[in-house]
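Please examine the sequence and the structure shown here before reading further. The explanation below is meant for a reader who has not met this structure before.

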Amino acid sequence: MTDPRIQPLLLQLGEQLIQQNRMLVTAESCTGGGVAYAITELPGSSNWFERGFVTYSNAAKQEQLGVPYELIVRFGAVSEQVAAAMALGALQHSHADFSVAVTGIAGPDGGTEEKPVGTICFGWGQRGAEARTARVVFDGNRQQVRELSILTALQGLADLVENSG
């Protein structure tokens, strides 16, 4: 990871999770495990990172996270609805207390007028609560979009954990 904001954010997130004695799970599509990779770059992350799911295909989202097929058909894999289902599904299929999910179109192709390249949907979950979501359209090439997605996923997670404790 080249963005200098990621490591301090991870240090803060890890400290908060350790203080709360809570664990984290990730569910990723377009970032291909990049959020989990960033987390596990930090020594000691095993104290607060439980597991990660890389569910790149729609079938993987359904099989590993329990995302309903009907949701994908109705809203598309790149939607806040699917991101929320991924975040909640990751919690249901893990022992974690918090989750983050990322699904989107990193490019360079695959975009549409409604969902252009750079469209990323996020879901953040906390066990026993509704998921929070966001949709962002990032500018940049595939690497830049993925890195901004990782940063945004972690920032949203840090905010959620901080406000829960």
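The following paragraphs treat the sheet, the nonpolar cores, one helix and one glycine in turn.

The model is a predicted one. Its strands offer a place to begin. Five of them, 5 strands in the order β2-β1-β3-β4-β5, form an open sheet with mixed pairing. The edges of this sheet are β2 (49–54) and β5 (132–137), each of which pairs on one side only. From one strand to the next, the twist averages 15 degrees. In general, strands of a sheet pair through backbone hydrogen bonds, in either a parallel or an antiparallel sense. Here, β1 (residues 24–28) and β3 (residues 98–104) are parallel partners, joined over 5 bridges. Within this arrangement, Thr26 stands opposite Val100 in β3.

Attention may now turn to the nonpolar interior. The largest nonpolar core comprises 31 residues, and those touching the most other members are Leu10, Leu13, Leu24, Val35, Ile39, Trp48 and Leu154. Two or more residues of this core come from each of α1 (6–20), α2 (34–40), β3, β4 (119–126) and α6 (142–164). The most is given by α6, which supplies 9 residues. Leu24 illustrates the connections: leaving aside neighbours within four places in sequence, its contacts include Leu13, Leu17, Ile39, Trp48, Phe98, Val100 and Leu157. Apart from this core lies another, of 15 residues, among them Leu65, Ile72, Val82 and Ala85.

The helix α6 merits a closer look. It has 23 residues and reaches 33 Å from its first C-alpha to its last, close to the 33 Å expected at 1.5 Å a residue. At its N-terminal end, Asn141 acts as a cap, with a side-chain oxygen 3.1 Å from the backbone nitrogen of Gln143. The buried residues of α6 include Val145, Ile150, Leu151, Leu154, Leu157, Leu160 and Val161, and also Glu147 and Ser149. An α-helix has 3.6 residues a turn, so residues three or four places apart point the same way. Among the elements that cover the buried residues of α6 are α1, β1, α2, β3, β4 and β5.

Finally, consider Gly33, which is placed in the loop between β1 and α2. Is Gly33 buried or exposed? Gly33 counts as buried because its relative accessibility is 12%, and buried means under 20%. Beyond its neighbours within four places in sequence, Gly33 is in contact with Glu28 and Val54. Gly33 and Val102 are 69 residues apart in sequence, yet their C-alpha atoms are 9.7 Å apart in space.

Notes. Residues are numbered from 1 along each chain as its sequence is written. This is a predicted model: local features need pLDDT of at least 70, side-chain atom pairs count only at pLDDT 80 or more; totals for chains, interfaces and linings use all residues. Side-chain values use heavy atoms; hydrogens and water are left out. Two strands pair if DSSP finds at least two bridges between them. Helices (H or I, at least four residues) and strands (E, at least two) are DSSP runs, numbered from the N terminus. Axes are lines fitted to C-alpha atoms, for helices over the stretch in contact, and angles run from 0 to 180 degrees between N-to-C directions. A nonpolar core is a set of buried Ala, Val, Leu, Ile, Met, Phe, Trp, Tyr and Cys residues joined through side-chain atoms within 4.5 Å. Buried means under 20% relative accessible area, exposed over 50%, partly exposed in between (1.4 Å probe, protein chains only). Contact means heavy atoms within 4.5 Å. The expected span of a helix is 1.5 Å times one less than its number of residues. A polar contact is a pair of N or O atoms within 3.5 Å; within protein, one must be able to donate a hydrogen and the other to accept it, and residues adjacent in sequence count only if both atoms are side-chain atoms.
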